[in-house]
Amino acid sequence: MKVTVVGAGAVGASCAEYIAIKDFASEVVLLDIKEGFAEGKAMDLMQTASLNGFDTKITGVTNDYSKTAGSDVCVITSGIPRKPGMTREELIGINAGIVKTVSSSLIQHSPDTIIIVVSNPMDTMTYLVHKTTDLPKNRIIGMGGALDSARFKYRLAEALEAPISDVDGMVIGGHSDKGMVPLINKAARNSVKVSEFLSEERMEQVVQDTKVGGATLTGLLGTSAWYAPGAAVSGMVQAIACDTKKIFPCSALLDGEFGLSDLSIGVPCVLGANGIEKIVEISLSDAEKAKLAESAEGVKKTNGLLEL
């Protein structure tokens with residue numbers, strides 16, 4: 001299993017680190033346009049191998065896509081990150097050009113690869129890869145929902161004063177502050193709905209805190225978060241590499257599912273060796289359907305800014 005991560009910044013390096021530590025890949029290639037940057041990150045990470053007990057080889061390269069040849073999975077993190085006060089949508093002009101060039105270069109050397117898109121605005125960047133490449137739709141996946149769901153579980157555990165391993169919850173919809181749809185009525189603590197433990201007001205607070213999870217961190221850090229995004233990607237890559245058939249909310253190209261078409265948006269997906277093995281059409285309440293439809297309109301509006 002060979003994995004390429006494009007972009008050796010904070011998110012990309014975290015992706016490479018978590019993938020390597022889990023020790024399921026033979027090689028991780030870290031690529032960046034900045035001279036020597038990926039090589040330095042790779043060397044630093046490789047010097048943790050004996051300490052962290054992994055045998056995955058991490059290779060850093062400067063803008064040489066030939067070194068990525070034969071990658072089973074490629075992760076695109078490249079692009080400018082958010083700054084305080086910025087929305088994900090404001091990144092579209094710069095990041096669209098980057099993602100288009102990167103995806104084309106990756107496919108040239110790894111035509112059978114599966115691409116995971118992290119760059120923001122993530123749903124629109126995922127849609128862009130669908131529209132500008134010939135890859136089957138099951139092999140183009142957006143990362144946002146896995147991260148948003150992890151943030152949802154964090155907030156749920158905080159509200160419940162429970163261990164996070166006891167908590168389950170999912171976020172669907174667009175990967176944006178307004179577009180996320182945390183499925184609070186399906187969230188549970190060890191199979192018991194959280195409504196048994198929390199008031200309506202506290203549940204609504206969890207939902208709102210989840211939706212601004214990224215913006216909250218950007219305000220605190222001065223840039224986008226990296227640990228949780230890296231961990232979210234590594235979980236998805238592992239599900240593909242090990243063919244686990246695990247369900248993640250992912251940005252998938254829809255063709256009638258949930259009554260939506262011609263857009264990529266976060267929905268529950270079974271991930272395995274073929275990428276998206278299945279889109280799981282869970283039942284939604286009328287309120288949840290309305291929120292998902294509203295989210296989809298927001299994503300389509302952002303998609304309309306693309307120059308396809």
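Here are some short exercises on the structure above, each with a worked solution.

This is a predicted model, in which local features need pLDDT of at least 70, side-chain atom pairs count only at pLDDT 80 or more, and totals for chains, interfaces and linings use all residues. Residues are numbered from 1 along each chain as its sequence is written, and side-chain values use heavy atoms, with hydrogens and water left out.

**Exercise 1. Place H130 and decide: is H130 buried or exposed?**

Step 1. Find the element. H130 sits in helix α5, which covers residues 122–132. Helices here are DSSP runs of H or I with at least four residues, strands are runs of E with at least two, and both are numbered from the N terminus.

Step 2. Recall the cut-offs. Buried means under 20% relative accessible area, exposed means over 50%, and partly exposed is in between, using a 1.4 Å probe and protein chains only.

Step 3. Apply them. H130 has 11% relative accessibility, so H130 counts as buried.

Step 4. List the neighbours. Leaving aside residues up to four places away in sequence, H130 touches K137, I140, L253 and S264. Contact means heavy atoms within 4.5 Å.

**Exercise 2. Describe how α5 packs against α4 and α10.**

Step 1. Start with α4 (residues 92–109). The axes of α4 and α5 are 10 Å apart, and the packing angle is about 40 degrees. That angle makes α4 oblique to α5. Axes are lines fitted to C-alpha atoms, for helices over the stretch in contact, and angles run from 0 to 180 degrees between N-to-C directions. Under 35 degrees counts as roughly parallel, over 145 as roughly antiparallel, 65 to 115 as roughly perpendicular, and the rest as oblique.

Step 2. Name the residues that touch. From α4 they are I92, N95, A96, V99, K100 and S103, and from α5 they are T124, M125, L128, V129 and T132.

Step 3. Turn to α10 (residues 286–303). The axes of α5 and α10 come within 9 Å and cross at roughly 60 degrees. These two helices, α5 and α10, are therefore oblique to each other. Here D123, T124 and Y127 of α5 meet V299, T302 and N303 of α10.

Step 4. Add the handedness. α4 passes α5 in a right-handed crossing, and α5 passes α10 in a right-handed crossing too. A crossing is left-handed if the near helix is turned anticlockwise from the far one by less than a right angle, and right-handed if clockwise.

**Exercise 3. Which positions does UniProt list for "active site" and "binding site", and where do H175 and N120 lie?**

Step 1. Read the record. The unreviewed UniProt entry lists H175 for "active site", and R82, R88, N120 and R151 for "binding site". UniProt positions are given in the numbering used here, feature names are shortened, and annotations may be inferred rather than shown by experiment.

Step 2. Locate H175. Its place is in the loop between β8 (171–173) and β9 (180–182). With 7% relative accessibility, H175 counts as buried.

Step 3. Locate N120. This residue is in the loop between β5 (114–117) and α5. N120 counts as buried, because its relative accessibility is 15%.

Step 4. Follow R151 into its packing. R151 is one of the α6 residues in the contact with α9, along with A146 and L147, while α9 contributes A228, P229, A232 and M236.

**Exercise 4. What is the strand order in the open sheet of three strands, and which are the edge strands?**

Step 1. Write the order. The sheet runs β7-β10-β11, with antiparallel pairing. Two strands pair if DSSP finds at least two bridges between them.

Step 2. Find the edges. β7 (167–168) and β11 (192–193) each pair on one side only.

Step 3. Check one pair. Two bridges join β10 (residues 188–189) to β11, and A188 stands opposite K193.

**Exercise 5. How many bridges join β12 to β13, and how many residues lie between these strands?**

Step 1. Count the bridges. There are 10 between β12 and β13 (residues 261–272), and the strands run antiparallel. I247 stands opposite V270 in β13.

Step 2. Look at the turn. The two strands form a hairpin with five residues between them, and G256 in the turn has a positive phi of about 105 degrees.

Step 3. Check the cover. In β12 (residues 246–255), seven of its 10 residues are buried.
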